[in-house]
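Visitor: I should like to examine this model with you, one question at a time. May we begin?

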Amino acid sequence: MSSPETEPEPEAEREPEPGAEADDGLVDALPAVAPRLRALRRRASLTLEAAARAAGLSPAHLSRLETGQRQPSLPMLLALARIYGTTVSELLGETVADRDAVVRAADMEPTAAGGWTYWQAGASGRGMQALRVHVPYGSQGDIVRVHPGEEWLHVLKGRLRLRLGDATHRLAPGDSAHFDSLTPHRIAALDQGGVELLFVHTLLQSPTATLCLGPTPGEAP
C-alpha cells in the first residue's frame, strides 16, 4: 500500500492543461466531486503523483481538482474513472440500483485469459474483484507481475508455488496468502492437474486479464 502523501501547495494560476476546462453543464453539478475524487484515489491505493501521471496531469493540477479549486471536464472524469477502477456515475455521487449480493454458480461463466480460466465470483463495479481461478500446470509461471493494490488468494485444490520478491512459498489446499501487489510476484501450479484458487484483488488501472492473470492470447507478456 502506498504511504500517505503530502499534497502539494496550490501553484500560481496559469494556463489550463489540455482538457482541463470543465464542461459548462458539469460545473454546477459537481459540488461534492472534489472530496470524492480524493477518496476514490486513496481507495485505489494511488499517490497523487501516480494518479496525476496516469491521467496526464500535473500533481498540482490534480490537487486543485481534489480541493475544489478547479472543476474537471467530462473527458477528465472519464480518464479518472478508468484509472480508479470506477464509473463516472460514482465519481459524481449518483446512486445506482442495489447490486445483487449473491452470485449463483450457474451464472458464473468461465473466461479464458493467458491460459488461465476464471469465473467471476463477485459483483462488477466494486472496489475489489473476486474470482475463482484455475491455473494449469506450466502456464505463466515465469511472468512477474507488479502493480498497485492488494491481492488475497486461497488454495482450493492442488498445490501452488507463489514467489514474492526473493521468497518462494508452497501453498497446499486450505492455505492463503495476502500481499501488497507492488511486491513482484509469480504464480504457478505445482501439480500436473493444475491448481484452483479463490482470488481477490483491488480494481485499479488495468483490466483483469492484464492486472493479475497475465496477457490474453496473442499479446506479448
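Visitor: Which residue just after α2 takes a positive phi?
Guide: This is a predicted model, and the backbone angle in question is computed from it. Just after α2, a positive phi of about 60° occurs. The residue that takes this phi is Ser45.

Visitor: Why can the buried residues of α2 be said to line one face of the helix?
Guide: Helix α2 covers residues 33-43, and its buried residues are Val33, Ala34, Leu37, Leu40 and Arg41. In an α-helix there are 3.6 residues a turn, so residues three or four places apart point the same way. The buried residues of α2 line one face because, seen down the helix axis, they fall within an arc of 135°.

Visitor: Against which helices do the buried residues of α2 pack?
Guide: Contact here means heavy atoms within 4.5 Å. On that criterion, the partners of the buried residues of α2 include α3, at residues 48-55, and α6, at residues 88-91. The full set is α3, α4, α5 and α6.

Visitor: How many of the residues of α4 are buried?
Guide: A residue is buried when its relative accessible area is under 20%. In α4 this applies to Ala60, His61, Leu62, Ser63, Arg64, Leu65 and Glu66. What covers them includes α2, α3 and α5. The helix is mostly covered, the count of buried residues being 7 of 8.

Visitor: Which residue follows α4 with a positive phi?
Guide: The phi concerned is near 80°. The residue that follows α4 with this value is Gly68.

Visitor: Is Arg70 buried or exposed?
Guide: Arg70 is found in the loop between α4 (59-66) and α5 (74-83). Its side chain makes a polar contact of 3.4 Å with that of His61, a buried residue of α4. The relative accessible area of Arg70 is 14%, and since the cut-off for burial is under 20%, Arg70 is buried.

Visitor: Which are the edge strands of the open sheet?
Guide: The sheet has 6 strands in the order β1-β2-β3-β9-β4-β7, with antiparallel pairing. An edge strand pairs on one side only. The edge strands are therefore β1 (110-113) and β7 (176-180).

Visitor: What is the bridge partner of Lys157 in β9?
Guide: Strand β4, residues 150-157, runs antiparallel to strand β9, residues 195-202. These two strands are joined by 6 bridges. In β9, the bridge partner of Lys157 is Glu196.

Key
Residues numbered from 1 in each chain as written. Predicted model: local features only at pLDDT ≥ 70, side-chain atom pairs only at ≥ 80, totals over all residues. Heavy atoms only, no water. Helix = DSSP H or I, 4+ residues; strand = E, 2+ residues; numbered from the N terminus. Buried < 20%, exposed > 50% of the residue type's maximum accessible area, 1.4 Å probe, protein only. Polar contact = N/O pair within 3.5 Å; in protein donor to acceptor, adjacent residues only side chain to side chain. Arc of directions from axis to C-beta.
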